[in-house]
Amino acid sequence: MNLPLSSRPNVRVVELGSDDEVRLQRFFDESPGYFLTIHGEPATPDEARNELLHELPPGFTFSQKWTLGFEDCDGVLVAVAQLVSDLMEPAVWQLGLFMVAPGRHGTGDAQAFYQDLQDWTLANGAQWLRLAVVHGNVPAERFWQRQGFSEIRRRDSVEMGKRLNTLIMMIKPLNGSTPEHYIQHVERERPTAA
């Protein structure tokens, strides 16, 4: 499967692996606001390694997982995303991480990079995109709502770094589907599910 194409000039998408740990760690270290908001502390020294080796919880089925980097012409990461295909059910894709370098906030890059990812997932069979936003991270909540995501449920007391967060589970139907159809399709997402 080909990787997404970037719609931004002088930016390309690459798959990140263990050889990219140092530059991914640098990207995380240069994005302290994200980690302070989500974890209540800066990125740990092994944050990049943990992200690259991250495994889904037991019982979560999936087809493939990617850690993708948007890099400029000098090979510097300007955004990072993690995607999982066929999470729990066919055609459900999870956007597990999406970070844009602080220096590119307000430039339209976040929206363009997200659209590049959405186009790619749709071309590869996604019917729904799923993600989680930390409740209280108002800029992120608003960004994802503007991209067409809507809340389907919440998970309370999720440990993330030094914080217990409430996660807002959000979904975006593609190809004319609906959130209701998604909830019927994915039993785990029903409001009564654990």
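These exercises work through burial, ring pairs, salt bridges and one helix in a predicted model.

Residues are numbered from 1 along each chain as its sequence is written. Local features need pLDDT of at least 70, side-chain atom pairs count only at pLDDT 80 or more, totals for chains, interfaces and linings use all residues, and side-chain values use heavy atoms, with hydrogens and water left out.

**Exercise 1. Place Ala101 and decide whether Ala101 is buried or exposed.**

Step 1. Find the element. Ala101 sits in the loop between β4 (92–100) and α4 (109–123). Helices (H or I, at least four residues) and strands (E, at least two) are DSSP runs, numbered from the N terminus.

Step 2. Apply the cut-offs. Buried means under 20% relative accessible area, exposed over 50%, and partly exposed in between (1.4 Å probe, protein chains only). Ala101 has 16% relative accessibility, so Ala101 counts as buried.

Step 3. List the contacts. A contact means heavy atoms within 4.5 Å. Leaving out residues up to four places away in sequence, Ala101 touches Phe27 and Val78.

Step 4. Check a distance. Ala101 and Gly75 are 26 residues apart along the chain, and their C-alpha atoms are separated by 14 Å.

**Exercise 2. Classify the ring pair of Tyr114 and Trp144, then follow the rings onward.**

Step 1. Set the rule. Rings of Phe, Tyr and Trp (its six-membered ring) pair if their centres lie within 6.5 Å; planes under 30 degrees apart count as stacked, over 60 as edge-to-face and the rest as tilted. The whole structure has 13 aromatic pairs.

Step 2. Apply the rule. The ring centres of Tyr114 and Trp144 are 5.4 Å apart and the planes stand at 85°, so this pair is edge-to-face.

Step 3. Locate the partners. Tyr114 belongs to helix α4 and Trp144 to helix α5 (residues 138–146), so the pair ties together parts 30 residues apart in sequence.

Step 4. Check burial. Tyr114 has a relative accessible area of 1% and is buried. Trp144, at 7%, also counts as buried.

Step 5. Extend from Trp144. Trp144 and Phe149 form an edge-to-face pair, 5.4 Å centre to centre with 80° between the planes. Both Trp144 and Phe149 are buried. Ring pairs join Phe98, Tyr114, Phe143, Trp144 and Phe149 into a cluster.

**Exercise 3. Describe the setting of Thr44 and find a polar partner for its side chain.**

Step 1. Thr44 lies in the loop between α2 (32–39) and α3 (47–53).

Step 2. Its relative accessible area is 23%, so Thr44 is partly exposed.

Step 3. The side chains of Thr44 and Asp46 are joined by a polar contact of 2.8 Å. Such a contact is a pair of N or O atoms within 3.5 Å; within protein, one must be able to donate a hydrogen and the other to accept it, and residues adjacent in sequence count only if both atoms are side-chain atoms.

**Exercise 4. Trace the salt bridges of Glu71, then examine the one between Lys162 and Glu41.**

Step 1. Recall the principle. Side chains of opposite charge can pair when their charged atoms come close. A salt bridge is a side-chain nitrogen of Lys or Arg within 4 Å of a carboxyl oxygen of Asp or Glu. The structure holds 8 salt bridges.

Step 2. Take Arg12. Arg12 and Glu71 form a salt bridge of 2.6 Å, N to O. Arg12 is in strand β1 (residues 11–15) and Glu71 in strand β2 (residues 64–72), so the pair ties together parts 59 residues apart in sequence. Arg12 counts as exposed at 52%, while Glu71 counts as buried at 5%.

Step 3. Take Arg23. Glu71 also forms a salt bridge with Arg23, 2.7 Å from N to O. Arg23 lies in helix α1 (residues 21–29), so its pair with Glu71 ties together parts 48 residues apart in sequence. Both Glu71 and Arg23 are buried.

Step 4. Assemble the network. Salt bridges link Arg12, Asp20, Arg23 and Glu71.

Step 5. Turn to Lys162 and Glu41. Their side chains meet in a salt bridge of 4.0 Å, N to O. Lys162 is in the loop between β6 (150–160) and β7 (163–173), Glu41 is in the loop between α2 and α3, and the two are 121 residues apart. Lys162 counts as exposed at 66%; Glu41 is buried at 18%.

**Exercise 5. Compare the expected span of α4 with its end-to-end distance.**

Step 1. The expected span of a helix is 1.5 Å times one less than its number of residues.

Step 2. The 15 residues of α4 should span 21 Å, and its end C-alpha atoms are 21 Å apart, which agrees.

Step 3. Look past the helix. α4 is followed by Gly125, whose phi is positive, near 100°.
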